[in-house]
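Here are a few short exercises to work through with the model open in your viewer. Try each one before you read the solution.

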Amino acid sequence: MMFNHLSLSTFNELELMVYHYVIKHREQVPFMRIRELAEAAGVSTTTVLRFCKKLGCEGFSEFRIRFKLSLEQEAQSVARFGVNELMSFFKSINNPEFEALIDQAAALVANADRVLLVGAGTSGSLGKYGARFFSNVGKFSNHIDDPYYPISTDTFNNAVAIILSVSGETPDILKLAQNFSFHKCRLISITNSETCSLAKIADFNLSYHMPQLLVGQQHDITTQVPVLYILEAIGRRLTAHSIP
């Protein structure tokens with residue numbers, strides 16, 4: 001698999017645009033010229049070359065050959081939209097580097113006196129699920145789905161807030177995260193990209209790099225399957241820690 005979590009984490013926002021285009025148009029990309037790919041992805045040819053080099057390719061020609069070979073080796077039959085993206089995600093995290101990140105997140109949660117899962121909208125629903133899942137494995141947790149939740153006491157000493165956000169740029173969630181941090185609460189962010197504002201202010205970030213899908217340029221329907229997987233992976237890993 002050409003794309004793994006380690007290589008994805010090195011991509012900047014423009015290079016991620018190339019990645020998202022490539023995995024959504026994998027059948028066409030091996031036959032495209034570099035200028036065609038750059039124009040289709042909305043970036044420059046220089047960005048495409050940087051993208052190729054970060055994957056260990058000398059140039060675009062080598063990338064096309066290696067990418068075509070990887071497609072042939074996979075020999076996947078995809079019937080529905082979205083399966084390609086999910087398969088790319090699961091393959092990208094099937095490595096020791098991602099497992100180590102899950103271990104680190106689980107250790108932060110296990111050592112905290114209080115655990116909060118925070119999000120708004122769909123992310124709020126996932127936070128509620130995550131809190132219940134953590135409680136099921138022995139780490140009592142609460143969820144907050146109100147971005148205006150008051151953070152005004154020091155009861156968050158040695159607490160961890162796991163903040164869920166696809167874009168990581170929602171103003172109310174960013175303000176809530178800053179309030180948590182001000183009151184000495186450690187932050188774990190789970191976002192679609194590690195370059196977003198929320199990831200930058202968090203103590204620890206896990207990102208999943210899925211194409212963002214909007215309906216009417218307003219309603220976000222980006223798949224949340226990776227978030228569920230990450231939350232459950234952290235929760236299962238908690239059983240390996242000493243939970244009070």
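**Exercise 1.** Find which residues isoleucine 190 is in contact with, leaving aside its neighbours within four places in sequence.

*Solution.* This is a predicted model, so load it and select heavy atoms within 4.5 Å of the residue, which is what contact means here. Drop the neighbours within four places in sequence, and what remains includes Ile162, Ile163, Leu164 and Ser165. Then add Asn205, Leu206 and Tyr208. Val227, Ile230 and Leu231 finish the list.

**Exercise 2.** Work out which elements supply at least two residues each to the largest nonpolar core.

*Solution.* Start with the core itself: it has 33 residues, and those with the most contacts inside it are Phe134, Ile162, Ile190, Leu206 and Ile234. Next, map the core onto the secondary structure. The helices α7 (96-110), α8 (122-136) and α11 (225-238) each give at least two residues, and so do the strands β1 (114-118), β3 (159-165), β4 (186-191) and β5 (204-207). With 8 residues, α7 has the largest share. Don't stop there, though: a second, separate core of 25 residues includes Val18, Leu37, Val43 and Phe60.

**Exercise 3.** Why does the chain count as being as compact as a globular protein of its length?

*Solution.* First, take stock of the fold: 11 helices and 7 strands. Now compare radii: the chain's radius of gyration is 19 Å, close to the 18 Å from the globule rule for 244 residues, so the chain is as compact as a globular protein of that length. For the extents, the C-alpha atoms fill a box of roughly 60 × 35 × 30 Å along the principal axes. Finally, check burial: 49% of the 244 residues count as buried.

Key. Residues numbered from 1 in each chain as written. Predicted model: local features only at pLDDT ≥ 70, side-chain atom pairs only at ≥ 80, totals over all residues. Heavy atoms only, no water. Core = buried A, V, L, I, M, F, W, Y, C linked by side-chain atoms within 4.5 Å. Buried < 20%, exposed > 50% of the residue type's maximum accessible area, 1.4 Å probe, protein only. Helix = DSSP H or I, 4+ residues; strand = E, 2+ residues; numbered from the N terminus. Rg over C-alpha atoms; globule rule 2.2 N^0.38 Å.
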